[in-house]
Amino acid sequence: MPVAFPQSTLRNLPSARCLYDVCDDRMRKSMRPTLTPWEIWFVPERSFAPGELTITVAAPTKPIMPLFATDRRIMLHREHGGYLHNAPLVHQEWSWDQLAVVESTGWTGIRLGWKDGSRTIVRDTKRSVAKNVVERLRRALDVHRAGGSLREHWQSITGMTPQSRDPRMEALEYLRGRDTSSVSGNSWHIMKVLERDEVPLSAQQWSRGLTVNSSGTDELLAQGTRIWVMTDRRLLELQGDTSFRVSRQWDAHDILGARLRDTERRTTDTLITTAGEIPFPSAPSVERPTMSDIRAVSAINEAVEAIRRG
């Protein structure tokens, strides 16, 4: 099964998958998301060494500045983007050799004492998760002091088994982070209509002003959602409300590209195919293109180029 990520776009896939496993484990323990998909898939590429494995993440909410402990270092890191688009980039790191002690403090606090006498305190969102962070840090510190490899002992330190996930689902989550397409809630519906070795390259969802006709008649049954998924083989249009069906599809080689609307000429966002031009599901509109529209058009054009390159 092919890897569903362009390697030129995401070069540190092992680190991203490990971070995803750790964040997913936290989510099950606390029922609160740790990082957004943007951070999960893109922080490793920007800030982790190739193959660097996450051991644990402490995610304080005030300020939002996660503490990452990996097999190579411990760091406080805050990215641009998402909810933090106005916040400055923050990065501070220490080696495991600098760590002297790890303690719990208060209800959700985690205190790291360094050999130079300084200390760093972060707070997590839930007491049980904060305790788990402390336990993992202590186990990792014991392995490091004994001269062991944190990478080789990752499973015993974390108490986790690396997950085996479908690359198609990973690709949809990656696209959600890259394109802010908000298709995550419908990823399983998309998976049902994809072939097992089909690679999603772009995905976009529209939910306003659309109608569903699932009975095959002209009767309008409900307000619905329409999703366009571009893969290495075809462009699919899914339509539905609580369940989805393929309403239209085009061969990927028949897609020539996409074009943004021109508000002065009152044109719409348009898909360009060998058979003609097709308006986006959000059309007609005379408003200025939104960032979501811009990303959707750009993603389709990037997918077309990727298919042409083979």
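Begin by selecting Ala 171, which is buried, with a relative accessible area of 0%; bear in mind throughout that the model on screen is predicted. Ala 171 lies in helix α5, which covers residues 167-179. With Ala 171 still selected, add Pro 200 to the selection: the two are 29 residues apart in sequence, while their C-alpha atoms are 6.2 Å apart in space.

Next, select residues 127-145, which form helix α3. At 1.5 Å a residue, the 19 residues of α3 should span 27 Å, and a distance drawn between the end C-alpha atoms agrees, because these atoms are 27 Å apart. Within α3, colour the buried residues, which are Val 129, Ala 130, Asn 132, Val 133, Val 134, Arg 136, Leu 137, Ala 140, Leu 141 and Val 143. Then display what these buried residues pack against, namely the helices α1 (13-30) and α4 (154-158) together with the strands β1 (54-58), β2 (67-70), β5 (99-105) and β6 (109-114). Before leaving this part of the chain, step to Gly 147, just after α3, where phi is positive at about 85°.

Finally, turn to the cysteines, keeping in mind that a search of the whole structure finds 0 disulfides. Select Cys 18, which is in no disulfide and whose nearest cysteine sulfur, that of Cys 23, is 9.5 Å away; Cys 18 counts as buried because its relative accessibility is 6%, under the 20% cut-off. Moving on to Cys 23, which is likewise in no disulfide, one finds a residue that counts as buried at 4% relative accessibility.

Methods: Residues are numbered from 1 along each chain as its sequence is written. This is a predicted model: local features need pLDDT of at least 70, side-chain atom pairs count only at pLDDT 80 or more; totals for chains, interfaces and linings use all residues. Side-chain values use heavy atoms; hydrogens and water are left out. Helices (H or I, at least four residues) and strands (E, at least two) are DSSP runs, numbered from the N terminus. The expected span of a helix is 1.5 Å times one less than its number of residues. Buried means under 20% relative accessible area, exposed over 50%, partly exposed in between (1.4 Å probe, protein chains only). Contact means heavy atoms within 4.5 Å. A disulfide is a pair of cysteine sulfur atoms within 2.5 Å.
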